[in-house]
Each structure stands twice: as C-alpha cells, then as structure tokens.
Amino acid sequence: ATSYAFIGIWLHLMLSHKDQGLAGFYKKVYPFAALVIMGFEAKALFVQLSKWGLKTTEYSFILMWIFVVMTLILLIVKGSKAHIPSVVLLCIIATISVTPVIGYYKLPVTVQTNRLEKILTEEGLLKDGKLTPAVAEVPKERRIAITDSVDFLTSGQENVLPDWFDKKLGD
C-alpha cells in the first residue's frame, strides 16, 4: 500500500497543472483516500513492532510512511504548492536514514540487542553480562523471539554486538 501511495503522489505531481474533469477530482480525493489506507498500514506496523521489534525493514517502512503521510497532509493543505516542501521532507528523511545512532543500520541493531538482552534477563539466561545455562525450559514463544533476534543480529554486516554475544554464532 505504501508503493500505491508513492505512485499516487507521483501521479498527483504529474497532474499538477490539470484541474479539469477526472484530474481535478483525483487531486481532491486521492490524498484523503490514501490517508485512510496509510492508517491501516500503521495498525499493521504496530502489530509487527509489538511482536518482533524494530528491524531494518520496519525502519525503512516507518520512514516511507512518515514521508507519505506528511506529503498527503501537505497536498491537502497546500495542493500543488506542496511539491517543493515534499522534496525537502524527502531529503531530510534520507539524511536521517544514514545518520549515526538513528540510521537504518544502527538503530535496528540497538533495538534488537536491547530486546534480546531483556528476554534473556527475564528468562534468567543473562546475568551480570554473562550468558548462563537455563535452569528450566524456556517457553516456545520466548525461544522463537530469542532465535529471531539472534538471527537478525548475526545476519548483519559488521554489527557491533555486546561482549556477552558469541561473535561466531552466525558462522
């Protein structure tokens, strides 16, 4: 649906000098319809984040979602005059995505590391910065969550992992 919104914004741009007939109708109705669709996308995103945490895909989606929603609001408020502010917004979001600490590479790794540490600590598998054997069997849903985080962390390139994490685990 986000790609639908991008195509719709592009079409709105292409129709910026047309106000008659179907083009005029599209320019008036499209931003509102797309906002409704983006609302459903936000709900799906929250479900995904609550279950698996922030990963690179979700991070990229969030940035695209912010751009699309802000651009749609600009189109509603400013009409065709929203194109330049939308491009500026896109440049800002692109810059944010490569910024250290909050960029597409670092932030998901930090979030997944914190998620994994929290689960391991709650299950008694991480104490004083060291992995310890399980005293009791870890519930299946928690094992799945641990595996998911470990898989994400070991599949990245040159991730800065915590000291307790076995660096050879992904080999």
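These legends accompany close-up views of a predicted model.

**Figure 1. The whole chain, from end to end.** Let's start with the full predicted model, which contains six helices and two strands. Read from the N terminus, the elements follow the order α-α-α-α-α-β-β-α. The C-alpha trace spans about 70 × 30 × 25 Å along its principal axes. The radius of gyration is 21 Å, whereas a compact globule of 171 residues would have one near 16 Å. Of the 171 residues, 37% are buried. Taking contacts between residues at least 6 apart in sequence, 60% join residues at least 24 apart. The protein exposes about 10900 Å², and 67% of that area is supplied by carbon and sulfur atoms.

**Figure 2. The largest nonpolar core and its helices.** Here we look into a core of 19 residues, in which Ile-9, Tyr-30, Met-38, Val-68 and Leu-72 touch the most other members. Helices α1 (2–14), α2 (21–52), α3 and α4 (83–97) each give two or more residues to this core. Helix α3 gives the most, with seven residues. In soluble globular proteins, nonpolar side chains tend to be buried together.

**Figure 3. Around Ile-9, and on to a second core.** Which residues does Ile-9 contact once its neighbours within four places in sequence are left aside? They are Tyr-30, Val-68, Thr-71, Leu-72 and Leu-75. A second core, separate from the one above, has 15 residues, including Leu-125, Ile-146, Leu-153 and Trp-164.

**Figure 4. A nonpolar patch on the surface.** Now for the outside of the model: Phe-32, Ile-66, Met-70, Ile-73, Ile-76 and Val-77 form a nonpolar surface patch. Together these residues have about 520 Å² of accessible area. Helix α3 (residues 56–78) provides the largest share of the patch, five residues. One residue to pick out is Met-70, which sits in helix α3. Is Met-70 buried or partly exposed? Met-70 counts as partly exposed because its relative accessibility is 39%.

**Figure 5. A buried salt bridge between two helices.** The structure holds six salt bridges, and this view shows the one between Asp-148 and Arg-115. The closest N and O atoms of the pair are 3.1 Å apart. Asp-148 belongs to helix α6 (residues 140–155) and Arg-115 to helix α5 (residues 106–122), so to speak of the pair is to speak of a link between distant parts of the chain, 33 residues apart. Both Asp-148 and Arg-115 are buried. Side chains of opposite charge can pair when their charged atoms come close.

**Figure 6. Arg-142 and Glu-123, a link from helix to loop.** In this salt bridge between Arg-142 and Glu-123, the closest N and O atoms are 3.0 Å apart. Arg-142 lies in helix α6 and Glu-123 in the loop between α5 and β1 (126–127), so the pair ties together parts 19 residues apart in sequence. Glu-123 is partly exposed, at a relative accessible area of 25%.

**Figure 7. Arg-143 with Glu-137, and a charged network.** Our last stop shows the side chains of Arg-143 and Glu-137 meeting in a salt bridge, with 3.0 Å from N to O. How do the two partners sit with respect to the surface? Arg-143 is partly exposed, with a relative accessible area of 35%, whereas Glu-137 is exposed, at 69%. Elsewhere, salt bridges with shared partners join Lys-118, Glu-122, Glu-123 and Arg-142 into one network.

How values were computed: Residues are numbered from 1 along each chain as its sequence is written. This is a predicted model: local features need pLDDT of at least 70, side-chain atom pairs count only at pLDDT 80 or more; totals for chains, interfaces and linings use all residues. Side-chain values use heavy atoms; hydrogens and water are left out. Patches are made of residues with over 30% relative accessible area and no salt bridge: like charges are joined within 9 Å, nonpolar side chains (Val, Leu, Ile, Met, Phe, Trp, Tyr) within 5 Å. Accessible areas come from the Shrake-Rupley method with a 1.4 Å probe; for residues, only the protein chains shown count as cover. A salt bridge is a side-chain nitrogen of Lys or Arg within 4 Å of a carboxyl oxygen of Asp or Glu. Helices (H or I, at least four residues) and strands (E, at least two) are DSSP runs, numbered from the N terminus. Buried means under 20% relative accessible area, exposed over 50%, partly exposed in between (1.4 Å probe, protein chains only). A nonpolar core is a set of buried Ala, Val, Leu, Ile, Met, Phe, Trp, Tyr and Cys residues joined through side-chain atoms within 4.5 Å. Contact means heavy atoms within 4.5 Å. The radius of gyration is taken over C-alpha atoms; the globule rule is 2.2 Å times the number of residues to the power 0.38.
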